[in-house]
Amino acid sequence: MDIVLGLQWGDEGKGKFIDLISENYDITARFNGGSNAGHSIERNGRRITLKMIPSGIFMNGVENVIGTGTVLDPVSFKKEIINLRTFDETVQPEMNVIISLKAHFVLPTHKLLDIFMEESPDYTTIGTTKNGIAQAYSNKILRQNVRIGDMFAPDFKSRVQHILARDYKMLSAGGIELPSLEEISNEFFEAVDFLKRFRCTETEIYLNNALAEGKKILAEGSQAAMLDIDHGTYPYVTSSSTTASGASSGLGISPKKIGEIFGIAKAYCTRVGNGVFPTELFDELGEEIRTKGNEFGSNTGRPRRTGWLDLPALKYAVMINGVTQLVLTKADVLSGLPSVAVCTHYELEDGNTVEVSGLLPENGKPILKWVNGWDADFSTMKSPSELPKELNEFLSFLETELGIPVAYLSTGPGREQMLKMI
């Protein structure tokens, strides 16, 4: 099993890369997160954002698994399937999407609780997508939730209604305006009936049997390493494990069966929502990068914060994930700048320096290394030999600092705009 995951704060271009290489695999498998994720894919000049469906969905003969470590909102999933069919009527998701019986449901009240906590002064506001993901995972840990396999039980409806009524009682006490319980309940159960059209199984057994048969699996991560619930910039993180070890636990596949680990990173940094961002740009250049790089959330449309590449954080992400190959994106966005900066370390108030860290210092001063910029027309590039000298020097610098090769370089948003470097 190979793994693709983001090394920064998400939005690195995982969907495009997975879509590109998934033809080399028999199965693509999503191992964490829910509809809070958004992988954008461009095909035939059009773009679609996949939230729950693995990015290998467009490849003939590729099975797509939604694994045990995910949380699934059936209402959002139904809308995504309908949108997918509109985008490409040749795709047959009922035939090649397989869902884990052990994945957990996102219930309608999970979204309402998410909104309440984000808007209440009594809770820490972290800037979530308000899709109920944290509430689903927290109820999973509290053992108060229902799983996909439960929808086949005769008492499923009554169990869900009990949870919804309990949550509504708690929300009503908070004095917030609520939609009709009957309305959101009916929408949920209609979506559950739609969900039953898909093959649901113990995906751990399915995937391990596939490996035993010699089939190739590509594990697809959502969000990114610096948003990991344990290793990210807490509390401004997601609610699941986004790392390579999370792929193993989220899919039920032994770490001994992991092969290549592709880490995706931008040539600069972005993040959405709140949280420490030492290299953030607040000037016109930051706005220029945001506009040129189309740095707006694929799921929410929110403007992304932009900043220079953060090597201490990137080194940390490479280390904890055991990344074997780096995929660098958005270098084309920086084209035309006379010089480009990289944060090599942080200088703390006590005079000490930090070169590798997942605990980004709020008061740490980013020490920047400036390198020569590059200027080229990336849209026509077909070979690494066409890259400008300054960019090659930048790539060599990254390889030396990170200790891994830059295996792929994105040259634009299009599906085919990716150079294989090794």
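A residue is called buried when its relative accessible area is under 20% and exposed when that area is over 50%, with partly exposed in between. Keep those cut-offs at hand for the exercises below, and remember that this is a predicted model.

**Exercise 1. The two sides of helix H10**

Task: Work out which residues of helix H10 (residues 284-292) are buried, and which are exposed on the other side of H10.

Solution:
- Step 1. Start with the buried set: in H10 these are Gly286, Ile289 and Arg290.
- Step 2. Look down the axis of H10. The buried residues fall within an arc of 100°, so they line one face of the helix.
- Step 3. Turn to the other side, where Glu284 and Thr291 are exposed.
- Step 4. Ask what covers the buried residues of H10: the cover includes strand S12 (268-271) and strand S13 (305-310).
- Step 5. Finish with the two ends. At the start of H10, the backbone nitrogen of Leu285 has a side-chain oxygen of Asp283 within 3.2 Å. Just after H10, Asn294 has a positive phi of about 50°.

**Exercise 2. A pocket and its lining**

Task: Find which helices each supply at least two residues to the lining of the second largest pocket, and which class of residue appears there in what number.

Solution:
- Step 1. Begin with the space itself, which is about 200 Å³ in the second largest pocket.
- Step 2. Go to the centre. The pocket is lined by 13 residues, and the closest to its centre are Leu113, Met117, Tyr123, Gln135 and Met170.
- Step 3. Assign the lining to helices: H4 (108-119), H5 (133-141) and H6 (156-173) each give at least two residues. H6 has the largest share, with four residues.
- Step 4. Sort by class, which gives seven nonpolar, four polar and two charged residues.

**Exercise 3. Three loop residues to classify**

Task: Decide whether Thr90, Lys130 and Arg143 are buried, partly exposed or exposed.

Solution:
- Step 1. Thr90 sits in the loop between helix H2 (74-87) and helix H3 (93-96). Its relative accessible area is 61%, so Thr90 is exposed. Its side chain still has a partner, making a polar contact with the side chain of Asp88 (2.5 Å).
- Step 2. Lys130 belongs to the loop between H4 and H5. At 32% relative accessibility, Lys130 is partly exposed. Check the backbone too: phi of Lys130 is near 60°, a positive value in a residue other than glycine.
- Step 3. Arg143 is in the loop between H5 and H6. A relative accessible area of 70% makes Arg143 exposed. Arg143 is also a residue other than glycine with a positive phi, near 60°.

**Exercise 4. A cis peptide bond**

Task: Identify which residues are joined by a cis peptide bond with omega of about 5°.

Solution:
- Step 1. The bond joins Tyr234 and Pro235.
- Step 2. Place Pro235 in the chain: the loop between strand S10 (217-220) and helix H9 (244-251) holds this residue.

**Exercise 5. The surroundings of Asn321**

Task: Describe what Asn321 touches, not counting residues up to four places away in sequence.

Solution:
- Step 1. Locate Asn321 in helix H11 (residues 311-321).
- Step 2. Apply the cut-off of under 20%: with 3% relative accessibility, Asn321 is buried.
- Step 3. Look for a polar partner. A polar atom of the Asn321 side chain lies 2.8 Å from the backbone oxygen of Ala317.
- Step 4. Add the residues that Asn321 touches beyond that stretch of sequence: Leu5, Leu7, Ala225, Thr243, Ala244 and Ile261.

Definitions and conventions. Residues numbered from 1 in each chain as written. Predicted model: local features only at pLDDT ≥ 70, side-chain atom pairs only at ≥ 80, totals over all residues. Heavy atoms only, no water. Buried < 20%, exposed > 50% of the residue type's maximum accessible area, 1.4 Å probe, protein only. Arc of directions from axis to C-beta. Contact = heavy atoms within 4.5 Å. Polar contact = N/O pair within 3.5 Å; in protein donor to acceptor, adjacent residues only side chain to side chain. 1 Å grid on protein atoms, 1.4 Å probe; cavity = no way out; pocket = protein on both sides within 12 Å on 5 of 7 lines; lining within 4 Å. Points joined across faces, edges and corners; volume = space filled by probe spheres on them. Nonpolar A, V, L, I, M, F, W, Y, C, P; charged D, E, K, R; others polar.
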